[in-house]
Structures are given as C-alpha cells and as structure tokens.
Amino acid sequence: MTGKDQRAVEGAASPEVLRRQAEARLLKKAVLTPENVAVLSPEATRKLLHELQVHQIELEMQNEELRESQAALEGVRARYFDLYDLAPVGYCTVSEAGLILQANLSAATLLGITRGELVRRPLSRFILREDQDIYFLHSKRLAGADQVQSCELRMLRQDGAPVWVHLTATTAQGADGAPELLVVLNDISARKRQEMLLVKSDALQSAIFNSANFSSIATDQKGVIQIFNVGAERMLGYAASEVMNKLTPADLSDPRELIERARLLSAQLASPIAPGFEALVFKATRGIEDIYELTYIRRDGVRVPAVVSVTALRDPQNAILGYLLIGTDNTARKQVETERNAAVAIAQKASQAKSDFLSSMSHELRTPLNAILGFAQLMQSSTPPPTDSQQRSIERILKSGWYLLELINEILDLARIEAGNVILSQEPVALAAVLLECRAMIESEAQERGIALTFPPHGIPHFLSADRTRLKQVLINLLSNAVKYNRPGGAVTVECKLAGSDAVAISVSDTGLGLAPEQIAQLFQPFNRLGREAGTVEGTGIGLVVSRQLVEMMGGRIEVQSTVGVGSRFGFEMRLSTAPRLDPALLEHAAPARRPLPAGKAQRTLLYVEDNPSNLELVAQIIARRPDLRLLAAVDGTQGIELARAHLPAVILMDINLPGISGIDAMKILHADPATRHIPIIALSANAMPHDVQKALAAGFSSYITKPFNVQQFVDTLDAGLALAAKAANPRT
C-alpha cells in the first residue's frame, strides 16, 4: 500500500490543519467585493465572506480526501481478491463444528461447486468416505497442538469425481473469539497419477523380467551375458549362474545358422563378418531394428526355434553399453507352418491329379467316341444306303453317342467348376442377340414335341455383364428342360424385365407337371433326376447344378417357383451393363481412314478367334482402317485351328475363354504343328489378373492384351507381332 493510500485509509486531517489549508487556498482565489454581498459594515462583510469561503474550501478538501480514501479502499479490495480468491490453492475457514465459514474461488473450483453453495456445509461432506478417518485424526491432532498439520487424502467433487489433495491446517481465533480452523487445499492429482504410473511401470518391468513366457538376455558390450531371466532359464534349460559372466548368446545358438547369417551379411556389405556374437547383433549395433528367426540349443541338446529381437543398449552419450535379446519360443508356429505347408502340398497335388485326370478322361473318352460317331455317320451316308433295319440301328448309335458326348461334357464341366478351373470372361453381352441364338437352337426340339415358344419382342435394348458363352449355356439348359419335361401341346414362355435400376430378371416358365416342395429341395443335387430316371426323357441330372453355379459365378442366383399340375418357373437376375462403344477419336488416332495400300506392299492376313460378336465387330472396325491387313474370324478354337492351317496368317489374335477347347489349348496345338508354330499368337482376354497374364505368357503367347483395351495400345501390340512375324519369315533381315 502506498503512503497516499495509507493516509486515505487512516482518515481525514484535523480541523486546525484543514483551516490553515483552506485559508491558504483562499489567498489564491479572487477577493470578494462589497457589491457581491448585502449592505454591512465593510469590516463585517469582509469577515463574513472570508468565513464562508474558507468553510466552502474546507468542504471541498474533505470531499477530495473522501474520494481518495474510497479509491484506495477499492484498490486494497481488488488486491485482496487477487491474493485470496484467485490464489493457486484453495483456502477455507472452518468452524469448531466443522462447517465451512469462508472459502475462496480456488477451493470452490477445486470441488466443482459455487462458493455460495460451499459455505455453511461440513468440510467432511466433500471427503471420500474411505479417507474421512484421515481427516478426523488430522483434526484431533490439531486440537492438541498449535503446530501446522498436513495430510494427503481424496476429496469428492460435486459431480462425484475424486480428486487428490494435500490438506494443510492450523488453528486460529475468530472475530468472536471462537476457535477456527484455517485449511489450505492443494490439488496433487497429477503427482498421484504419476506415482501410480511409476508403480505400475515398476510392476510391469518386474513382470517382464520375471516372465517365463519369453527370454530376456542382456549382455555387456563384448557380448558376455549379464542378465538371464526366468524365461531364458525355462527356454534354454540353463540356470542363470551357469551362463552369467561366462557365455555369450552365440554360444547358445546353432553354429550353422550363425555361419549362414554371417555369410549373408558379408555378401551385403562386401566385407567379412565373423560367424559369432557380432553376426547376431550386427544390425542393432548400427541402430537398425533387427528381428529374425534363429535356433537355440538347450542345455540338453534339444533345438528350440525362436524369434529374437535385438536392441543395442546405449548411455546418454549414445555409447553402446550392451545388447538386449528378447526371444519367444517359435516351436508351435513352426509346427503349424510345417503342417500347413504339407496340407497345401497335398491339396496342390490332389488338384493337379484331378486336373490331370480330367484332361486324361476328356481325351480318353472323346477319342473312341469320335470314332463311333464318325463311322456311324459314314455308314449312314454310305453307298448303297443301309437297309431300314440298319438305318434304325445307326440312328440309335448316333443318338446314344451324342447323348454320351453331352454327358461327358456336363461331367467335365461340373468337375472344372468344382475344381475352380473355370474362368469367366465378364463383358457387355447383348441380351437380344443371345435370346435369338438360343431360340434358334431350341426351336426344332420344341416343334418336334409340339411345344409353343414365346420369347420377348425383338430389339430388347439391354446389355448384361456376363460371360456370353456361359450365359447361353444356362439359358439353353433351362429351355431344354422346359421343353423336355413339358406336357404334349404345352408352352414355354421366356420373360425379361428390369429388376430395379441395375439388373434384368430373366425367367423361363413351362406348363409341365410341376414340382412338389420336397422335389425342389433336391433339385440341385448332382445326378438326382427326381424320379424321372424311369421315364422316356433322357437326362443326366447335372445341367441344373452346372447352371446354378455358373449363374452364381456371374453374380446372380437361380430361383425356382413350381406348382404341381401347373408348371414351373426358373428365373435369375443379371447385372446391367452399358453397350460397348468405340471411341471414334481413338480409332482415328490408331490409323488414318482408308489409306491406299503402298505400291509393292503385300497385304497380310490377321486371324481373330473370338465368340463374342461385339468384340469381333470392334476389331473388324479397327482393322478396316488398315489397308495392309485382311481379317479372318473364327468363333471357336477348333475353327480357328482350321483357318490358321488353311490360310497361315501373319498374326493370330486368340481369346482365352472359347467354347469347346480353350484359347490356350488352341495355341498349344498350333505351336505343335510345324506349319503354324512360327505364327505369333497374341492373347486377347478379359482375364486381367496378374497370374492369368503370367500363365498365358508362360504357356507360349507372344503378347497379352486385356479387355477393355486402349486402341492405340492394341495397334502397337499388333504391329510388334507383325514385325516379329516378318523377322521369322526373313531371319537374315
């Protein structure tokens, strides 16, 4: 407090002092004249005016002193507020009965309550029940001594949250003479949390070091073991006293592995590394985290596979003090890994055996069947023609032979699907074109049985995301079943309608005998014909199984609705796709339109083997811009082989997923033929997975183009193939 504030607080000056000060101040002002007052004697008037003026100045000076005293008191009050209410600790005055008489804002804030609510409440109300004995013992000690007492306890905030405080208290005498308790509350929650963390950390360190689940081995700078925990004793069979200050971790490891690790490190660094402890900790020495597998040798000679992490231990100056090796027993994982590798090898062997069996079965069954059907057809058209009896026998042979071929195809198809060897070529497929082809294939059979076919109107604008060949296979199977198992004079109806915004629902309905619920439950079991085996209709019971799996592979699901005596309805949904488009700008960039063939340059032939009309049309338009090329097209592998042998094209474009034999098989047949083995064959497929590309190139394709393709990339790949063909034709150029 300043001297001025002190004077203001102590009170106003004495009347004599004020009188002298007022008279002195009056001398500085103007003197009153007789004209300003009533008519008195001059002397009386002068004295009266003088007294009035002095009294007025006295009042003014008193007012000034009062204002200064008030300002000083406000300043003192503000400083008191800063020192008391905003102190970093809580202050409370507690009565002899334990009630809080006064509390600063810090105490109220600490307990999460307003100061008005805190006053007149027992202090013990805010102490945790478990710690109240500490507070009462603390109060009892204060009553017997005037010394300051302190303790640590937990108090409860208004919201129920505990808070650790350091409570300091001393006794004092109140204004009324009654004893009071002056309490200071200091929040120590942060320190307590840190102490608990340290306790936990010590417990964790102790648990880690004494854990029997993993080994902890610490060495000095030279690698001599200084610490060997319980886990190391358990894992390696040594007592700590047997290895500490005697052995290094390298002495406990497989020496052959140390030699190999040192060899690999030496090769990486182009400098020799000793196959000992240095090889174990080499990377850790250079500050590189090192985790690797090694084999420990137990005291009894048993080998223990382990995963070990190595860390360099350093002092504050970053100098290496030693090394820490933490290891876990890797026996169980190694055993599982060995068993898994064995299982994978067995599965791969079984899969390969199944694939070999299917390939062998296909060849062994088709070869004699080809002779049976071939010679039967020759007999049917021989001269002189067969007799009526012979003709009937030949027709039975042919019918049975074609049925047997269908059975072989379905069995092999099912086996390939179950083995995961069927790869679909998902691409935009024109639904109208597929339905038109299916109708043409089934119409003659329906007419023979008197079955009326109803298909959607021509010009359906939808394109589906599907494998065109497999979609036709599914539809033909459903249509064939609807015709075969229909009643005489029945009907088959094909419907197509949008299912939401991104799919088309396709259904095939018949007016046959229908299926009971128990028959529907067995419908998709292989070779189960639901009691129709004794009937006149031939079948294998495989077609629906294959169809369901193909639909699911294309992202759909077959559903069946049937009523006995009414008929059945088989339906599935396929995702919509946008129509394939050819960018005119890319096509124009690929090759200028209708350039004349340069003089003296021969036109070369390009063969494209593809069963998808849209893809054929796309490539045809590109080749139309190349006057130096002539395009031949084949819709399956067999036809492609025949055209290649007949025309010897410069380059062959081959789809992978073809009806009949695959593109890979067709390529192998052409490469095995001396007449066509020189022709570069470029794979053109929607199979874009890296392993598909690698498999095709490893099989013998010269290049691989994935659909949809960039036109310029297609042209560049084609030109590279043409250059390769020219080099093969003229090896000296």
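Strand S15 and strand S17 (residues 567–577) pair in the antiparallel sense, with seven bridges between them. This report on a predicted model follows strand S15 and its two partners.

Let's begin with the S17 side. Here serine 507 stands opposite glycine 571 in S17. Turn to strand S14, and serine 507 appears again, as the bridge partner of glutamate 495. S14 also runs antiparallel to S15. The table puts the two pairings together.

| Partner of S15 | Residues | Bridges | Direction |
|---|---|---|---|
| S14 | 491–498 | seven bridges | antiparallel |
| S17 | 567–577 | seven bridges | antiparallel |

How many residues lie between S14 and S15 in their hairpin? There are four, and glycine 500 in this turn has a positive phi of about 75°.

Now look at how well S15 is covered. The strand spans residues 503–510, and eight of its eight residues are buried. In a regular strand, side chains point alternately to the two faces of the sheet. In S15, one side carries Ala503, Ala505, Ser507 and Ser509, while the other carries Val504, Ile506, Val508 and Asp510, and all of these residues are buried.

Finally, step back to the chain that holds this strand. Its 733 residues include 37% that are buried, and its secondary structure comes to 23 helices and 22 strands. Of the contacts with a separation of 6 or more, 59% join residues 24 or more positions apart. The chain exposes about 41,600 Å², and carbon and sulfur atoms supply 56% of that area.

Terms used:
Residues are numbered from 1 along each chain as its sequence is written. This is a predicted model: local features need pLDDT of at least 70, side-chain atom pairs count only at pLDDT 80 or more; totals for chains, interfaces and linings use all residues. Side-chain values use heavy atoms; hydrogens and water are left out. Buried means under 20% relative accessible area, exposed over 50%, partly exposed in between (1.4 Å probe, protein chains only). Helices (H or I, at least four residues) and strands (E, at least two) are DSSP runs, numbered from the N terminus. Two strands pair if DSSP finds at least two bridges between them. Contact means heavy atoms within 4.5 Å. Accessible areas come from the Shrake-Rupley method with a 1.4 Å probe; for residues, only the protein chains shown count as cover.
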